[in-house]
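Hi everyone, thanks for coming. I'll take a few minutes to walk you through one structure, so have a look at the screen and stop me if I go too fast.

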Amino acid sequence: MIKTVATTPYTDQKMGTAGLRRKSKIAMQPNYVENFMQSIFNVIGDLSDKTFLLGGDGRFYNSVAIQKIIKMSAANGIKKLVIGQNGFISTPAGSNIILKNKLNGGFILSASHNPGGENGDFGIKYSNETGGQIPSSVSDKIYQETLSIKEYKICDAEDVDLSQLRTFTYCGMEIEIIDPVKDYVELMQKIFDFAAIKQMFAKGFTMRFDAMNAVTGPYAVEIFEHILGASKGSVVNYIPKEDFGGLHPDPNMVYAKELVNFMFSDKAADFGAANDGDGDRNMILGKSFFVTPNDSLAILTDNFNLIPYYKNGIYGVAKSAATSTAVERVAKAHNIGYYEVPTGWKYFVNLMDSKRITFCGEESFGTGSSHIREKDGIWAVLFWLNILAATGKTVEEITTEHWQKYGRSYYIRFDFEGVESAVADKLMADLENKLPTLNGKSFGEFMVDKAAPFVYHDPVDGSTTKNGLIIRFTDGSRIVYRLSGTGSSGATIRVYLERFSAKDVLKTPLDMVAPLADIALEVAEIPERTGKHKADVIT
Ligand code: VG1
Ligand code: CO
């Protein structure tokens with residue numbers, strides 16, 4: 001039943017910040033998924049003793065791709081696949097399964113926060129035995145392999161029925177179909193004080209969780225409504241849909257509009273939250289109040305001792321370079337380790353494995369801890385609920401008290417989307433060359449302290465990664481520039497603006513960073529080079 005099929009390479013199968021992401025129509029080309037998967041298998045080598053996890057966020061084309069991957073896994077001699085029922089598993093739940101069952105890795109079919117559907121994006125994230133996504137050294141090898149691939153192996157058999165929980169043999173390979181929710185729920189129950197949260201709901205606390213028609217719906221209904229007792233209907237958009245019901249499943253102020261409008265209306269719940277397509281991102285809202293992911297990371301870290309699982313102490317905390325410095329002040333106050341890494345969760349994995357950090361986060365609505373090796377949307381929501389239950393305070397009170405104690409890093413991200421790749425690359429290259437000339441220069445009240453590329457030396461594997469350009473000012477303000485690595489066409493220039501204020505903590509972020517925005521656009525010549533005078537997305 002095993003066939004060897006001749007193929008020719010695609011030249012665009014390089015993984016980005018988190019796996020391979022392409023327009024669905026690109027991924028649907030003949031042998032596209034097959035070439036990519038065979039390249040991974042070739043790089044791994046002997047597969048006869050390997051067990052992998054397989055699942056996804058349920059987006060368009062997953063149901064086709066998953067059957068291809070099952071048949072190829074069998075043909076390539078993989079020992080066993082553990083598959084989420086109906087092909088579903090969230091990215092954090094998948095990481096937990098890999099770690100808990102000591103699997104050799106896993107494949108999550110998701111383009112994460114990117115829109116889905118035939119005209120949206122498809123993606124594959126590849127994790128290894130750490131439970132986290134592979135380092136660039138491995139993805140580089142896979143990319144090289146995709147450029148010379150000549151054939152792939154596939155088992156010529158019927159599609160597998162993924163709807164029943166069972167273990168069976170298929171084409172000589174063992175398959176176990178698992179409940180994607182159960183183990184994840186058990187993990188959350190080990191970490192948080194479910195009894196306290198349940199009591200808070202019993203007293204009338206209200207929440208709205210927007211699953212954005214993506215993978216977290218079943219997890220959220222089970223945890224928030226069934227177990228914790230949030231009233232029925234607290235979880236909205238909870239049925240995963242192939243095109244996410246047309247939503248852009250990116251939980252932020254722009255794309256989670258329905259939730260934001262509700263939470264800023266007079267009908268608002270006490271607490272609001274949303275997750276992204278594959279369940280690793282989170283947005284936190286109070287009544288007419290938004291918590292930036294930067295502040296959220298700082299607040300969670302500051303309150304670790306309220307959570308049963310962390311109350312004996314935490315090793316340290318890390319953030320991506322583009323994330324605000326709010327958590328740095330918390331790390332100093334608690335005298336714990338503090339690290340700054342390039343954008344992408346894979347850079348946190350070594351720090352967690354070597355017990356340098358417990359918490360980590362990114363400005364892009366990602367927060368997590370060493371309970372797994374991916375960011376974790378529902379974990380962050382439960383952490384907030386646990387803080388609210390333990391303190392009896394509101395989201396707004398927790399956050400403003402935090403600012404009063406530590407000062408506030410006003411923070412805004414500008415995205416300039418759909419820029420021609422050559423234009424974006426040149427802009428970044430020219431800006432990098434210009435950086436040394438900016439040192440000591442003044443722009444109005446802001447004086448440049450240091451302008452340099454961000455270079456990370458991994459303390460565990462010794463690798464060096466360069467990602468982004470940073471202009472730091474003498475007052476602690478920062479401008480960070482980098483190109484997105486998750487888009488499926490063209491380039492997105494991200495400009496991250498941060499301004500610190502020790503005392504003045506109740507101003508409007510956009511007003512506070514406005515002078516930095518002017519400097520950022522001017523220095524990089526964004527309007528002249530891209531024709532854009534305004535960002536396409538402001539978060
Ligand atoms: C973006 C975010 C980054 C995040 C990545 C994956 O990458 O900025 O912080 O880790 O998406 O998130 P980029 O290269 O486009 O800036 V997910 O939820 O899409 O896996
Ligand atoms: Co995601």
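**The disulfide, a ligand and two hairpins**

Let's start with the cysteines: Cys155 and Cys171 are joined by a disulfide, with 1.7 Å from S to S. Before I go on, please keep in mind that this is a predicted model. If disulfides are new to you, a disulfide is a covalent bond between the sulfur atoms of two cysteines.

How many disulfides does a search of the whole structure find? Just one. The link of Cys155 and Cys171 is left-handed, with -45 degrees about the S-S bond. And what does the pair tie together? Cys155 is in strand 7, residues 151-155, while Cys171 is in the loop between strand 8 (167-170) and strand 9 (173-178), so the link connects parts that are 16 residues apart in sequence.

Okay, on to the ligand. Ligand 1 sits in the largest cavity, and 20 residues surround ligand 1. The closest ones are Thr17, Ser112, Lys125, Ser364 and Thr486. What kinds of residues make up that shell, by class? Ten are charged, nine are polar and one is nonpolar.

Now zoom in on some contacts. In Lys125, a side-chain N or O atom is 2.5 Å from an oxygen atom of ligand 1. Ser364 has a polar side-chain atom that also lies 2.5 Å from a ligand 1 oxygen. Then there's Asp276, where a polar side-chain atom is 3.1 Å from an oxygen atom of ligand 1.

Last stop: strands 21, 22 and 23. Strand 21 covers residues 446-457 and strand 22 covers residues 464-473; they run antiparallel and are joined by eight bridges. To find your way around, look for Lys450, which stands opposite Arg472 in strand 22. Strands 21 and 22 form a hairpin with six residues between them. In that turn, Gly462 has a positive phi of about 75 degrees.

Strand 22 pairs onward too. Four bridges join strand 22 to strand 23, residues 478-483, and these two also run antiparallel. Here, Ile470 has Val480 in strand 23 as its bridge partner. Which residue in the turn between strand 22 and strand 23 has a positive phi? That's Gly476, at about 95 degrees, in a hairpin with four residues between the strands.

One general tip for looking at strands like these: in a regular strand, the side chains alternate between the two faces of the sheet.

That's it from me. Any questions?

How values were computed. Residues numbered from 1 in each chain as written. Chains lettered and ligands numbered in written order. Predicted model: local features only at pLDDT ≥ 70, side-chain atom pairs only at ≥ 80, totals over all residues. Heavy atoms only, no water. Near = heavy atom within 4 Å. Polar contact = N/O pair within 3.5 Å; in protein donor to acceptor, adjacent residues only side chain to side chain. 1 Å grid on protein atoms, 1.4 Å probe; cavity = no way out; pocket = protein on both sides within 12 Å on 5 of 7 lines; lining within 4 Å. Sits in = over half its atoms within 2 Å of the grid points. Nonpolar A, V, L, I, M, F, W, Y, C, P; charged D, E, K, R; others polar. Pairing = 2+ DSSP bridges. Disulfide = S-S within 2.5 Å.
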